[in-house]
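The report below describes a predicted model. It takes up the strand pairing, the nonpolar core and the charged side-chain pairs in turn.

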Amino acid sequence: MFTKVNEQMPQIVIENLFNLRINSSSVHRKVIEIIHENGIDWMHACGKKGRCTTCKIIVKSGSENLSPPTKPELDFLKLGRLKTDERLSCQAELTSGELVVRVGELNKFPHVAYSK
């Protein structure tokens, strides 16, 4: 059995959390699952079911490392509740490589310190 030597394990960088880097040992996981498993508080009002946009991420780079948009994401995009550079962290799976994101202003918690 051959394995890819240069395959990069998934990694999330949250820019406005002081460039926090989260390494994941597994692939094809929902972004919000990886964030929560690493003890980071991230908003999700509908219980991670893709019914709202409170868990959205602003994708700065690495969108090619995410699964294709789901039906709820496409619906929110049509309604103008998501922009083209935004995804729902409860719907998007990180398949490989690095993903650089930001927390949107409306989705920030008051008890969390954010950087610029």
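Val59 stands opposite Val101 in β7, and this pairing belongs to the contact between β4 and β7, which run antiparallel to one another and are joined over 4 bridges. On the other hand, β7 runs parallel to β1, with 4 bridges joining the two strands, and here Gln11 is the residue that stands opposite Glu98 in β7. β1 pairs in turn with β2 in the antiparallel sense, again over 4 bridges, and within this pairing Val13 has Arg21 of β2 as its bridge partner. The two strands β1 and β2 form a hairpin with 5 residues between them, and in the turn Phe18 has a positive phi of about 60°.

Taken as a whole, the open sheet consists of 5 strands in the order β2-β1-β7-β4-β5, and its pairing is mixed. The edge positions are held by β2 and by β5 (86-88), each of which has a single partner strand, so one side of each is left without a neighbour in the sheet. On average, and with direction ignored, neighbouring strands of this sheet are turned by 35° against each other.

The side chains of β1 lead from the sheet to the core. Gln11 and Val13 point one way from the strand while Ile12 and Ile14 point the other way, and all are buried. Ile12 and Ile14 also appear in the largest nonpolar core, which has 26 residues, and where they are listed with Val31, Ile35, Trp42 and Leu99 as the residues that touch the most other members. At least two residues of this core come from each of β1 (11-14), α1 (31-37), β4 (56-61) and β7, and α1 gives the most, with 4 residues. In soluble globular proteins, nonpolar side chains tend to be buried together.

Which residues does Ile35 contact once its neighbours within four places in sequence are left aside? They are Ile12, Ile14, Ile22, Ile40 and Trp42, and of these Ile12, Ile14 and Trp42 are, like Ile35 itself, named among the core residues that touch the most other members.

A search of the whole structure finds 8 salt bridges, including the three in the following table.

| Acidic residue | Basic residue | N to O distance |
|---|---|---|
| Glu98 | Arg21 | 3.0 Å |
| Glu37 | Arg29 | 2.5 Å |
| Glu105 | Lys108 | 2.7 Å |

Why does the salt bridge between Glu98 and Arg21 tie together parts that are apart in sequence? Glu98 lies in strand β7 (residues 98-103) and Arg21 in strand β2 (residues 20-23), so the pair links parts that are 77 residues apart in sequence. Glu98 is partly exposed, with a relative accessible area of 28%. Both residues also have a place in the strand pairing already described, since Glu98 is opposite Gln11 and Arg21 is the bridge partner of Val13.

In the salt bridge between Glu37 and Arg29, Glu37 counts as exposed at 51% relative accessibility, whereas Arg29 is partly exposed, with a relative accessible area of 21%. Salt bridges that share partners join Arg29, Glu33 and Glu37 into one network. The salt bridge between Lys108 and Glu105 involves a glutamate that counts as exposed, with Glu105 at 62% relative accessibility.

Notes:
Residues numbered from 1 in each chain as written. Predicted model: local features only at pLDDT ≥ 70, side-chain atom pairs only at ≥ 80, totals over all residues. Heavy atoms only, no water. Salt bridge = Lys/Arg side-chain N within 4 Å of Asp/Glu carboxyl O. Buried < 20%, exposed > 50% of the residue type's maximum accessible area, 1.4 Å probe, protein only. Core = buried A, V, L, I, M, F, W, Y, C linked by side-chain atoms within 4.5 Å. Contact = heavy atoms within 4.5 Å. Pairing = 2+ DSSP bridges. Axes fitted to C-alpha atoms, helices over the stretch in contact; angles between N-to-C directions.
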